Amino acid sequence: MAAAGAVLLVMGVSGSGKSTVGALLASELGWKFYDADDYHPEENRMKMGKGIPLSDQDRIPWLCNLHDILLRDVSSGQHVVLACSALKKMYRDILIRGKDDAALKHESGKKEKLAEVQLLVVHLRGSFEVISGRLLKRKGHFMPPELLQSQFETLEPPATPENFIQVSVDRNLSEVIATVMETLKMKSESFLISGPQQN
C-alpha cells in the first residue's frame, strides 16, 4: 500500500493570489495542482456573478467534491497543492475529513479518513484595501469585487492547533514562494510545524 500523500492548502480571500501562488508552488515541488474555482458548479458561478455571496449550503457540496479528489490522490501517495478560499475552519475540516467526519470529529472516536495525511495551510493575508485594489484590476473572473467584503466577514484565519503559516500579500511573488519553500525545507515533508509562523 502506498504511503499517504501530503496536502498544501493555499487559502485566502478572492484576489489574494491563491491560484498563482499554488500553481507556482506545485511546479516548484513537482506536486499535482488543483484550483478549487475550477470545480464550482455552474449555479455557484452564476450566483457569484450576480454579486450574491455563497452560503454554507452552496459551498459544502463543492468542498465535499474537493475532499473526494484529495482522498483519491493522497491515498495513492500523491502530494497535492490545492488553491481554495477555505475561509472557515469548518470548510478546511471538510476538505480534509469530509462532511460526516468533520461534523462528528468531536463526538466520537471514529477514525478520520485522512487522519494520516500531512497538511500545511498557507494563508495569504492582506488588507481589504490592498486586495480590493487587485480585484479592480482583474478581468474575466466570475467573482465581482463587490463580494470581497462578504469574504472578509466570513474569513476565519487559521489558528492553533491547525498546521499553518501566514504570508503577507504585500510581498512580491518570488518572496511569497521563497517563504513557503523555506518553511517546507525547514520542517521537512512531515510539515511538523510547532505553531504559526508569522511572515
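Let me begin with a word that will come up often: a residue is called buried when its relative accessible area is under 20%, exposed when that area is over 50%, and partly exposed in between, using a 1.4 Å probe and protein chains only. What we are looking at is a predicted model, in which local features need a pLDDT of at least 70 and side-chain atom pairs count only at pLDDT 80 or more, while totals for chains, interfaces and linings use all residues. Residues are numbered from 1 along each chain as its sequence is written, and side-chain values use heavy atoms, with hydrogens and water left out.

Let me turn to confidence. The pLDDT is the predictor's confidence in each residue, on a scale from 0 to 100, and for this chain the average is 83, with 79% of the residues scoring at least 70. When I speak of helices (H or I, at least four residues) and strands (E, at least two), I mean DSSP runs, numbered from the N terminus. Of the elements of the chain, strand 2, residues 32–35, has the highest mean pLDDT, at 97, and strand 6, residues 197–198, has the lowest, at 45. Over residues 104–112 the pLDDT is below 50, and this stretch has ten contacts in the model beyond near neighbours in sequence, where a contact means heavy atoms within 4.5 Å. Residues 192–199 also stay under 50, and for them the model has 22 contacts beyond four places in sequence.

Now to the strands. Strand 1 covers residues 6–11, and six of its six residues are buried. Both of its faces are covered, with Ala6, Leu8 and Val10 buried on one side and Val7, Leu9 and Met11 buried on the other. Which strands does strand 1 pair with? Two strands count as paired if DSSP finds at least two bridges between them; strand 1 runs parallel to strand 4, residues 118–125, and six bridges join them, while with strand 3, residues 80–83, strand 1 pairs in the parallel sense over four bridges. If you would like to find these pairings in the structure, leucine 9 stands opposite valine 121 in strand 4, methionine 11 stands opposite histidine 123 in strand 4, and valine 10 stands opposite alanine 83 in strand 3. Strand 4 is itself mostly covered, with six of its eight residues buried, and strand 4 also pairs with strand 5 in the parallel sense, over five bridges. One place to look there is leucine 124, whose bridge partner in strand 5 is valine 167.

Next, the helices. In helix 6, residues 128–137, the buried residues are Ile131, Ser132 and Leu135. Seen down the axis of helix 6, these buried residues fall within an arc of 100 degrees, so they line one face of the helix; the arc is that of the directions from the helix axis to the C-beta atoms. It helps to remember that an α-helix has 3.6 residues a turn, so residues three or four places apart point the same way. On the other side of helix 6, Glu129, Leu136 and Lys137 are exposed, and what covers the buried residues includes helix 7, residues 148–154.

In helix 2, residues 42–49, I would point out asparagine 44. Is asparagine 44 buried or exposed? Because its relative accessibility is 2%, asparagine 44 counts as buried, and leaving aside residues up to four places away in sequence, it touches Leu54, Asp58 and Trp62.

Finally, the charged pairs. Side chains of opposite charge can pair when their charged atoms come close, and here a salt bridge means a side-chain nitrogen of Lys or Arg within 4 Å of a carboxyl oxygen of Asp or Glu. A search of the whole structure finds seven salt bridges. One of them joins lysine 32 to aspartate 73, with the closest N and O atoms 3.6 Å apart. Lysine 32 lies in strand 2 and aspartate 73 in helix 3, residues 56–75, so the pair ties together parts that are 41 residues apart in sequence. Lysine 32 is partly exposed, with a relative accessible area of 34%, whereas aspartate 73 is buried, at 5%. Aspartate 73 also forms a salt bridge with arginine 72, at 3.3 Å between the closest N and O atoms.

A further salt bridge joins glutamate 162 and arginine 92, at 2.7 Å from N to O. This pair links distant parts of the chain, 70 residues apart, with glutamate 162 in the loop between helix 7 and strand 5, residues 164–168, and arginine 92 in helix 4, residues 89–97. Glutamate 162 is buried, with a relative accessible area of 15%, and arginine 92 is buried too, at 2%.
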